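Reader: I should like to understand how the descriptions of this structure are justified. Please set each value against its definition.

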Amino acid sequence: MEHFQGKQYQGKQVVIIGLGLTGLSCVHFFLSQGVIPRVMDTRAMPSGVDQLPENVKCHCGSLNNQWLQESDLIVVSPGVALATPELQQAAMNGIEIVGDIELFCREVDAPVIAITGSNGKSTVTSLVGEIAKAAGISVGIGGNIGIPALSLLSQGHQLYVLELSSFQLETTSSLKALAATVLNVTEDHMDRYPVGLVQYRDAKLRIYQNALNCVVNAQDSLTLPLNKTSDECISFGIDDGDYYFDTHQRTLVAKGEVVINVADMYFTGQHNYTNALAALALADIAGIPRDASLSVLKSYTGLVHRFQLVLFNNGVRWINDSKATNVGSTEAALNGLKVDGTLHLLLGGDGKSADFSPLKAYLAEDNVRLYCFGRDGKALAQLEPEKSILTETMEQSIRYLAPNLKAGDMVLLSPACASIDQFKNFEQRGVIFAQLAKELG
């Protein structure tokens with residue numbers, strides 16, 4: 001832990017809300033600073049509770065408001081809303097409330113590339129990380145995916161590539177990224193943003209504060225920083241931007257120079273070409289040699305659960321896009337999708353109070369059939385009642401559609417919803433889809 005610098009927390013009463021990997025990384029951080037924090041979690045049996053050192057007190061099953069109000073610093077998990085009454089009370093009392101990313105930003109002494117957006121952020125984060133590795137750079141990749149930021153910090157890397165969620169950004173004020181991007185802004189987590197899209201966007205745009213370079217989406221004006229013109233930013237897009245996908249020549253172009261033909265990439269789909277462009281722009285800003293970027297763009301196969309082909313059999317493609325946990329993500333999957341036969345689309349789960357109507361335009365095609373399940377299955381089936389089958393679970397939907405598949409068809413799980421009504425997480429939903437594909441396909 002020798003990489004942690006100052007001792008600014010000594011003598012402070014610190015409370016950590018939320019355990020799991022991130023909570024544990026915060027505990028170890030404070031112990032390395034000579035501070036014994038107190039921990040609480042609203043779950044009765046949170047993951048990681050058995051890994052706490054004996055001298056760290058833990059309160060489970062609810063928030064301990066007495067601990068909160070007598071603390072000097074509260075470190076809150078991204079899963080807990082700042083609107084929680086106990087936290088509002090603490091803020092009124094002048095108690096500082098931060099997240100793990102803020103702790104990371106105060107300590108880090110190497111460049112940071114910071115990535116957010118409603119969709120594509122995991123893909124772009126992993127792409128930039130792979131490009132840095134290919135160039136022989138010691139790189140820490142994590143944040144909202146994979147390894148918590150503070151755990152990366154203790155390894156002392158030359159470069160950090162962080163995926164950041166809107167919830168993490170809400171509690172971060174010391175980020176000074178070498179390059180920051182908001183890939184896109186579409187409705188998500190409206191259950192946490194009662195004021196709506198403006199409030200959600202404001203959280204995302206915090207990533208640009210103090211950033212040396214801002215990378216924006218030429219097609220999405222909501223990704224522009226509030227205090228800069230588009231001329232002061234680097235842009236990526238489709239047929240437009242400093243980095244763009246040329247739809248006629250089918251090439252990726254960087255600052256006027258053709259970089260790669262998309263036929264040479266494993267990675268397909270317009271949304272993935274823009275992800276590749278964003279990654280290329282970020283890597284260029286970080287001074288990573290272009291040949292490293294190109295070698296990765298040619299070999300990268302994409303993330304698990306993100307428009308992943310899990311089975312191709314009897315002419316039928318089964319695609320696992322379980323990571324599509326919001327409407328915009330499912331739109332990205334359907335935009336420009338070509339299916340020779342019938343598209344069997346699986347939708348459903350917990351819609352997080354989202355408006356599903358933007359999907360209607362993509363469902364009007366004659367060859368689309370909908371199979372809707374889970375908490376918001378009924379609302380999704382209402383989009384195209386004539387074409388929809390409503391079941392309670394995803395498995396029932398798949399067992400219903402499987403006997404009728406023909407060569408040229410596609411079965412696409414791109415649910416537009418979170419999974420937590422019926423699954424542990426989107427990964428588990430994707431794994432079960434893949435198992436059913438192999439059993440029934």
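Author: Cys26 counts as buried, because its relative accessibility is 2%. The model is predicted, so local features need pLDDT of at least 70 and side-chain atom pairs pLDDT 80 or more, while totals for chains, interfaces and linings use all residues. Residues are numbered from 1 along each chain as its sequence is written, and side-chain values use heavy atoms, without hydrogens and water.

Reader: What makes a residue such as Cys26 "buried"?

Author: Buried means under 20% relative accessible area, exposed over 50%, and partly exposed in between, with a 1.4 Å probe and protein chains only. At 2%, Cys26 therefore counts as buried. Cys417 is buried as well, because its relative accessible area is 0%. Within the chain, buried residues make up 54% of the 441 residues.

Reader: Why is Cys26 not bonded to Cys105?

Author: A disulfide is a pair of cysteine sulfur atoms within 2.5 Å. The sulfur of Cys26 has its closest cysteine sulfur, that of Cys105, 12 Å away, which is too far for a bond. Cys417 is also in no disulfide, with the nearest cysteine sulfur, in Cys372, at 9.2 Å. By this rule, the count of disulfides is zero.

Reader: How do you know that the chain agrees with a compact globule?

Author: The radius of gyration is taken over C-alpha atoms, and the globule rule is 2.2 Å times the number of residues to the power 0.38. For 441 residues a compact globule would have a radius near 22 Å; the chain has 22 Å, and therefore agrees. Its C-alpha trace spans about 65 × 50 × 35 Å along the principal axes.
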